[in-house]
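Student: I would like a close look at one part of this model. Could you walk me through it, and through what surrounds it?

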Amino acid sequence: MNIYISNLSFAVIDEDLRSYFAEYGEVSSAKVIMDKFTNRSKGFGFVEMADDAAAKKAIEELDGATVDGRTIKVMEARPKEDKPARPSYSNNNRW
């Protein structure tokens, strides 16, 4: 199960995220999302857990928990939605 975690402290790194969830079961992956320009945390991340029961227990117990002075929000990640194509204005005609 893929889990979404928001309102993370900017000091939290992948290993911290992994350790928060490891006590509930095996963590397949843990990733804090970073801004590609500043290389600073965006304040949210994803954890993948193989066992759905363990993942649901982690969500239930960690949602609303305080980590590094911030109350985190933990929920099952939803699939990324397909966005409609943006209109193209690249006809090289400025007027």
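What follows is a request about one helix and a connected reply.

Student: Which residues of H2 are buried, which exposed residues does the face turned away from them carry, and what covers the buried ones?

Tutor: Happy to take you through it, with the reminder that this is a predicted model. Helix H2 spans residues 52-62, and its buried residues are Ala54, Ala55, Ala58, Ile59 and Leu62. Around the helix axis these residues cover an arc of only 140 degrees, so they sit on the same side of H2. Turn to the face pointing away from that buried side and you meet the exposed residues Ala53, Lys56 and Glu60.

The two ends deserve a glance as well. At the start of H2, a side-chain oxygen of Asp51 comes to within 3.3 Å of the backbone nitrogen of Ala53. Just after the helix, Gly64 adopts a positive phi of about 90 degrees.

Now for the cover. Among the elements lying over the buried residues of H2 are E1, H1, E3 and E6. To place the strands, picture an open sheet of four strands in the order E2-E3-E1-E6, paired in the antiparallel sense. E2 and E6 (73-76) form its edges; each has a single partner strand, so one side of each lacks a neighbour in the sheet. On average, neighbouring strands are turned by 20 degrees against each other, direction ignored.

Two of the pairings can be followed in more detail. Strands E2 (residues 27-34) and E3 (residues 41-49) are joined in the antiparallel sense over six bridges, with Ala30 opposite Val47 of E3. Their hairpin has six residues between the strands, and Asn39 there takes a positive phi near 55 degrees. At the other edge, E1 and E6 pair in the antiparallel sense over four bridges, and Ile5 has Val74 in E6 as its bridge partner. H2 packs on this sheet through contacts with E1, E3 and E6, and its direction makes about 155 degrees with that of E6.

The other helix, H1, lies across E1, E2, E3 and E6 and runs at about 140 degrees to E2. Leu17 is a good guide to this helix: Leu17 lies in H1 and counts as buried because its relative accessibility is 0%, against a cut-off of under 20%. Beyond its neighbours within four places in sequence, Leu17 contacts Ile5, Leu8, Val12, Ala30, Lys31, Val32, Gly45, Phe46 and Val47. Leu17 and Ile5 are 12 residues apart along the chain, and their C-alpha atoms are separated by 9.1 Å.

These pieces come together in the largest nonpolar core, which has 21 residues; Ile3, Ile5, Leu17, Phe21, Val47, Met49 and Val74 touch the most other members. E1, H1, E2, E3 and H2 each supply at least two residues of this core, and H2 gives the most, with five. Val47 shows how varied the surroundings of one such residue can be: leaving out residues up to four places away in sequence, Val47 touches Met1, Asn2, Ile3, Ile5, Leu17, Phe21, Val27, Ser29 and Ala30.

So, back to your helix: the buried residues of H2 share the same side, and E1, H1, E3 and E6 are among what covers them.

Conventions. Residues are numbered from 1 along each chain as its sequence is written. This is a predicted model: local features need pLDDT of at least 70, side-chain atom pairs count only at pLDDT 80 or more; totals for chains, interfaces and linings use all residues. Side-chain values use heavy atoms; hydrogens and water are left out. Two strands pair if DSSP finds at least two bridges between them. A nonpolar core is a set of buried Ala, Val, Leu, Ile, Met, Phe, Trp, Tyr and Cys residues joined through side-chain atoms within 4.5 Å. Buried means under 20% relative accessible area, exposed over 50%, partly exposed in between (1.4 Å probe, protein chains only). Contact means heavy atoms within 4.5 Å. Axes are lines fitted to C-alpha atoms, for helices over the stretch in contact, and angles run from 0 to 180 degrees between N-to-C directions. The arc is that of the directions from the helix axis to the C-beta atoms. A polar contact is a pair of N or O atoms within 3.5 Å; within protein, one must be able to donate a hydrogen and the other to accept it, and residues adjacent in sequence count only if both atoms are side-chain atoms.
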